[in-house]
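Me: Please take a close look at one loop position in this structure. Then follow the trail from there to the pockets and charge pairs. Keep it brisk.

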Amino acid sequence: MKYDTIFARSFSRYDQKKLGYGAFLGCLLIALSFCIVFKPYLGSLPVLNMRMPVDVGLKMLRITNSYSFEKLRGGDIRSSMATIVNETSSSEIEMGESDTTGTNETISNGNAISSSTTPVINNKDITQQKEMKTLCHVEERTEFCEMYGDIRVDGKSSTVFMAADTMLESGSWVIRPYSRRGDEQAFKRVTKWFIKSGVDAYETPTQCDQRHNVPAIIFSTAGYAGNNFHDYTDIVLPLYLTSRQFYGEVKFLITDKKPWWIKKFRNILQKLSRYELVDIDKEVNVHCFTSVTVGLKRYPQELKIDSSKSPYSMKDFRKFLRSAYSLKKENAINMTDNGGKKRPRLFILSRKSTRAFTNTNAIAGMATRLGYEVVVTEVDSHVARVAEMVNSCDVMMGVHGAGLTNMIFLPENAILIQVIPIGGFEWLAKTDFGEPSKDMNLRYIGYQIKTEESTLIQQYPPDHEVLNDPYAIQRRGWYEFKSIYLQKQNVNLDVERFRITLLTALELLHQ
């Protein structure tokens, strides 16, 4: 009351109003300044959709980036999608299910997939944190886990354990170490592996029977192994991507081991690892490591390395193959520099059963008259012999099939001619061999046969849908498409029509 009296005597009503307005504006400015200065610290925290199970949980980094490969030569790690998840038991995280049973806070290339926002996490920083020892990557075509710490591998139970004292929380993950994720037909043949981090002491092996001082990689030789195309795109190339960084100082623990597969690719396996292969399924000992990768890295496309996101390229891979098989020819012939003194070599890929040329002699004769030195042979599982033969040639031709995968042995600037049967093969031909050949520094020519060049005209009447509407057959499913166009069809090339393709190849060799 006394204060009000003094205030009234000192100032007129008009002055009192002015002071009141001034005080209000001053408080407003102070509040605004406070908000501006402290705004970065007042934002809402990102919402993590965590499921906390009653029995067991797992604190594990789950990288769902299709291309998050470590830049080993630069030190940085590209990670456009990252999610920290608390998952439940292994039965809930099996392949094919782990994509949908976790979180909704994933960020893809900076764009939020859901309403919640999770900051992109730097892999390099996380691996340095003691509580983050297991990084599981869920990608379009593969799933693999990288583990660091006191790791124990028990082949009898197909389990990789992380010792309890290295993790803050416990849990498990299930993975099939074969890089064709989403293909259930392939995965039926692949053993499931369990990754258990920080499990109860009674479940973790108490001692190491064999301790190793180099990293380990666990992968399967099941799936579609035995098909030459899948051998390379699903196993060999992913194994190169995963293991090359160790320069031979890595051990391969093979599950679903196929002795014939090991024999076929012995040169490559010995080039990637200096150690004896381990048939982990038959091991009774517990093997201990400080670093284990379960599964293999790969890119979504077939026979592909994205050099913008990897320290390696398809050029590096092909150079590695030339070294593994002591291949001498690095570049295809240049007819301009050669002055016509030497003939270019043409490799005609022969097949005994389906999609075979029925007039190989006529094709070879025409090619010889054009100036080619012709080699006709069928490839087999003797990779060293096949590699040497293909590498000695400048042009390779064949009907769409796994045998064309041997283009990886062609010299630089060589030419691949893919003969495409009828049946709507264009997309498959492009995906499997057309696009991959570009990254290999090969020149690609696709030759689409006419209906008259297919032996299916001898099996079906002219108005049948097999000849006139192959897409109707495709709509009935892969197996019906395969049974007709892949297994019943051979090719009788129109030699005069195909002559233009071989002349085009000759022109390219002059460039």
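Reply: Asn 441 is partly exposed, because its relative accessibility of 35% falls between the 20% and 50% cut-offs. The model is predicted. The phi angle of Asn 441 is near 60°, a positive value in a residue that is not glycine. Asn 441 sits in the loop that runs between α12 and β19 (443–448).

Ser 158 also has a positive phi without being glycine, with a value near 50°. Ser 158 too is a loop residue, placed between β6 (143–154) and β7 (159–162). Its burial state is another matter. Ser 158 has 10% relative accessibility, so it counts as buried, whereas Asn 441 is partly exposed.

Now take α12, the helix on one side of the Asn 441 loop. The trail leads to the largest pocket. That pocket has a volume of about 1,200 Å³. Its lining holds 44 residues, and Asn 227, Phe 229, His 230, Arg 355 and Ala 402 lie nearest the centre. Elements that supply two or more lining residues are α5 (228–243), α6 (259–264), α11 (383–391), α12 (426–439) and α15 (478–486). Of these, α15 gives the most, with 5 residues. The lining is mixed in class: 16 nonpolar, 15 polar and 13 charged residues.

Enclosed space comes next. Rolling a probe the size of a water molecule over the atoms shows where empty space is left. The search of the whole structure returns 2 cavities of 30 Å³ or more. The second largest holds about 30 Å³. Its walls are Thr 233, Leu 237, Pro 238, Arg 298, Tyr 299, Gln 301, Leu 303 and Lys 304. By class, 4 of those are nonpolar, 2 polar and 2 charged.

Arg 298 carries the trail on to the charge pairs. Side chains of opposite charge can pair when their charged atoms come close. Arg 298 pairs with Glu 302 in a salt bridge, with closest N and O atoms 3.3 Å apart. Both partners are buried.

Glu 373 and Arg 345 form another salt bridge, at 2.6 Å from N to O. This pair joins distant parts of the chain, 28 residues apart: Glu 373 belongs to strand β16 (residues 373–377), Arg 345 to strand β15 (residues 345–349). Glu 373 is partly exposed at 34%, while Arg 345 is buried at 17%. Beyond single pairs, shared partners tie Arg 141, Arg 180, Asp 183, Asp 234, Arg 298 and Glu 302 into one network of salt bridges. The whole structure has 23 salt bridges.

One more pair is Lys 156 with Asp 154, whose side chains meet at 3.2 Å, N to O. Its two ends differ in cover. Lys 156 is exposed, with 54% relative accessible area, but Asp 154 is buried at 10%.

Last, the surface. Phe 24, Leu 25 and Leu 28 make up a nonpolar patch with about 340 Å² of accessible area together. Phe 24 lies in helix α2 (residues 13–38). Its relative accessible area is 57%, over the 50% cut-off, so Phe 24 counts as exposed.

Note on methods:
Residues numbered from 1 in each chain as written. Predicted model: local features only at pLDDT ≥ 70, side-chain atom pairs only at ≥ 80, totals over all residues. Heavy atoms only, no water. 1 Å grid on protein atoms, 1.4 Å probe; cavity = no way out; pocket = protein on both sides within 12 Å on 5 of 7 lines; lining within 4 Å. Points joined across faces, edges and corners; volume = space filled by probe spheres on them. Helix = DSSP H or I, 4+ residues; strand = E, 2+ residues; numbered from the N terminus. Nonpolar A, V, L, I, M, F, W, Y, C, P; charged D, E, K, R; others polar. Patch = residues over 30% accessible without salt bridge, like charges linked within 9 Å, V, L, I, M, F, W, Y side chains within 5 Å. Areas by Shrake-Rupley, 256 points an atom, 1.4 Å probe, with all protein chains shown as cover. Salt bridge = Lys/Arg side-chain N within 4 Å of Asp/Glu carboxyl O. Buried < 20%, exposed > 50% of the residue type's maximum accessible area, 1.4 Å probe, protein only.
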